[in-house]
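Here are my notes on the model you sent round. Please read them with the coordinates open.

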Amino acid sequence: MTETSDYLPHLVYDAEQVGALDSRFINEFGVEGFSLMQRAARAAYDELAQNWPMPGRLVVLCGPGNNGGDGALVARQAMQAGWQVTLVAPLDLSKASGDAARAFEAYREAGGEMREFVDEPIQADLIIDALFGTGLNREVTGPMAQAIDRINEASGRGVGVLSIDIASGVDAGTGRTWGRAVVADTTVTFIGLKLGLLTGDGAAHCGELAFDDLGAPDALYEGQPHVARRITHRDLRHVLPVRPRGMHKGDNGHVLCIGGGRGMGGAIRMSAESALRAGAGLVSVACHHDHAGAMSQARPELMCQGLPDDLSEAAASSRLDTLIEGASLIAIGPGLGRGDWGDVLWQRVLESHRPLVVDADALNRLAESHVDRENWILTPHPGEAARLLGWATSDVVADRVRAARHLAERYGAVVALKGAGTLIATPDELWLCTQGNPGMAVGGMGDLLTGVIAGFVAQGMTLAEAAVFGVYVHALAGDEAAAGDGERGLLPTDLLPCIRRQANPLRP
């Protein structure tokens, strides 16, 4: 979403909420439904003309609903512009009614060709997907499933695919796919930005997004419910202003990073370094003694304390108490391991009253033994979220909104549910991050995120602000790092200088 996300709306809706906006537009603002369909078709054709400017062979696959009606009107415009157009119907269009029936009739009256779907390769330069709109809530089967498979087969041969409103087969409210879904190059969506376009599988199926409000006035949206708020750069500049000239290191907090058991020192080092790059004033590391010396040499700005295997020793216990007492907050989990050493550290941290950022092996311990606590941030990926909730991972993926909200309620925490379209559940709002890229799907990226969030808490952000903007800065850094040399082969440590730049949004 990096190319298009800057101009997308701030508020995000589920399918029912967008349907309510659409109905309100018609009933309270006096806009005829067919007029909205014509506006949508113009917006979709404008996107078509921008991305595929040379007319050629266009196949438009339409369902019998309003989404199919949009497709028929786009087909009519394309035909008038010189495209060789064929409208293909996997289902009987005689079942269409209302505005959709009117749109199909307008296409016929313009001399448009209509064919029944045949399950064979599609020969075209461009395909328009107008099979399903935002109301899909069941598995796709029969001719519609075959049509989706043929669209994706053609896409694999280099045929362009433009989806109208949402890629067919994607759930507009959750981003899950209903058995199979179109993989579009571009999706043109209308009136309200649908959550399913931006999270879960939807982000991978909908391609680049174009948004058109169809001329809706601001008053249409006032007081109307939304499901999430998209994080924007404007928000970031507000929470990360230029620092006062008289600031000193004590003003920016002291992060204690705990983890890095035997053989896993790299994880906690990345967390600690990212906390520094995010702007923490001081960062200490409590790790296994095997790693402390090398870590201090490689990054002397980190204050590393090596802990022995036996943490019951008086000296080790006293050293750990001193570290905890001196910290503004604690980040725990990366490289903590699953053995007794990590168990002791986890219990000691829980006994403290410091704010916590909890990740990785610390989340796995929390899943095994529920803890009632406040002032903490949990950063699970879907597998960890499933363990924390006692769900199947597939259930988390199928409804990420529900999972994030349940986690926040169950654990009394701010929760960042990682993945494509990371969701952050705070006490007041559900936030959505539309930045980030597939190159970040590599071990260690989550360790960096833990550190960025901790660094922001240390500087005085609330837990909610730190989670929201830590996720955002981490994603922006990933996009910046990938822009140079590509997504494949991207390493977590490639992001460290980018984190510093993104944490200074008002730099000259």
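The points below take the two sheets first, then the pockets, then one residue in the N-terminal segment.

1. Status. This is a predicted model. Every value below is computed from it.

2. The seven-stranded sheet. What is the strand order? It is 4-3-2-5-6-7-9, in an open sheet of seven strands with parallel pairing. Strand 4 (113-116) and strand 9 (208-212) are the edge strands, and each pairs on one side only. Neighbouring strands here are turned by 20 degrees against each other on average, ignoring direction.

3. One pair inside that sheet. Strand 2 (residues 57-62) and strand 3 (residues 84-89) run parallel and are joined by five bridges. To find the register, start at Leu58: its bridge partner in strand 3 is Val85. Strands of a sheet pair through backbone hydrogen bonds, either parallel or antiparallel.

4. The helix across it. Which strands does helix 2 (residues 33-51) lie across? They are strand 2, strand 5 (126-130), strand 6 (160-164), strand 7 (186-190) and strand 9. Against strand 7, helix 2 runs at about 155 degrees.

5. The twelve-stranded sheet. A further open sheet has twelve strands in the order 8-1-10-19-18-17-16-15-14-11-12-13. Its pairing is mixed. Strand 8 (193-194) and strand 13 stand at the edges with a single partner strand each, so one side of each has no neighbour in the sheet.

6. Strands 11, 12 and 13. Strand 11 (residues 254-258) is joined to strand 12 by five bridges, and the two run parallel. His254 has Leu282 as its bridge partner in strand 12. Helix 8 (residues 265-277) packs on the sheet and touches strand 11 and strand 12, with its direction at about 175 degrees to that of strand 12. Strand 12 (residues 282-288) also pairs with strand 13 (residues 303-307), in the parallel sense and over five bridges. There, His288 stands opposite Leu307.

7. Handedness and cover. Which hand does the unit of strand 12, helix 9 (residues 289-298) and strand 13 have? This β-α-β unit is right-handed. Helix 10 (residues 314-326) lies across strand 11, strand 12, strand 13 and strand 14 (329-332). Helix 10 makes an angle of about 150 degrees with strand 13.

8. Largest pocket. It holds about 890 Å³ of space. The lining has 38 residues, and Gly419, Ala420, Gly436, Asn437 and Met440 are the closest to the centre. Helix 6 (202-205), helix 13 (382-389), helix 16 (445-458) and helix 17 (463-485) are the elements that each give two or more residues to this lining. By class, the lining has 16 nonpolar, 14 polar and eight charged residues.

9. Second largest pocket. How much space lies in it? The figure is about 610 Å³. Of the 23 lining residues, Arg243, Gly279, Gln459, Ala503 and Asn504 are the closest to the centre. The lining divides into 13 nonpolar, five polar and five charged residues.

10. Pro9. This residue is in the segment before strand 1 (11-13). Which residues does Pro9 contact, leaving aside neighbours within four places in sequence? They are Leu193, Phe211 and Arg230. Two of the strands named above come in here: Leu193 belongs to strand 8 (193-194), and Phe211 to strand 9 (208-212). Ala315 is a distant reference point: Pro9 and Ala315 are 306 residues apart in sequence and 56 Å apart in space, C-alpha to C-alpha.

Note on methods:
Residues numbered from 1 in each chain as written. Predicted model: local features only at pLDDT ≥ 70, side-chain atom pairs only at ≥ 80, totals over all residues. Heavy atoms only, no water. Pairing = 2+ DSSP bridges. Helix = DSSP H or I, 4+ residues; strand = E, 2+ residues; numbered from the N terminus. Axes fitted to C-alpha atoms, helices over the stretch in contact; angles between N-to-C directions. Contact = heavy atoms within 4.5 Å. 1 Å grid on protein atoms, 1.4 Å probe; cavity = no way out; pocket = protein on both sides within 12 Å on 5 of 7 lines; lining within 4 Å. Points joined across faces, edges and corners; volume = space filled by probe spheres on them. Nonpolar A, V, L, I, M, F, W, Y, C, P; charged D, E, K, R; others polar. Right-handed = clockwise from strand over helix to strand, strands pointing away.
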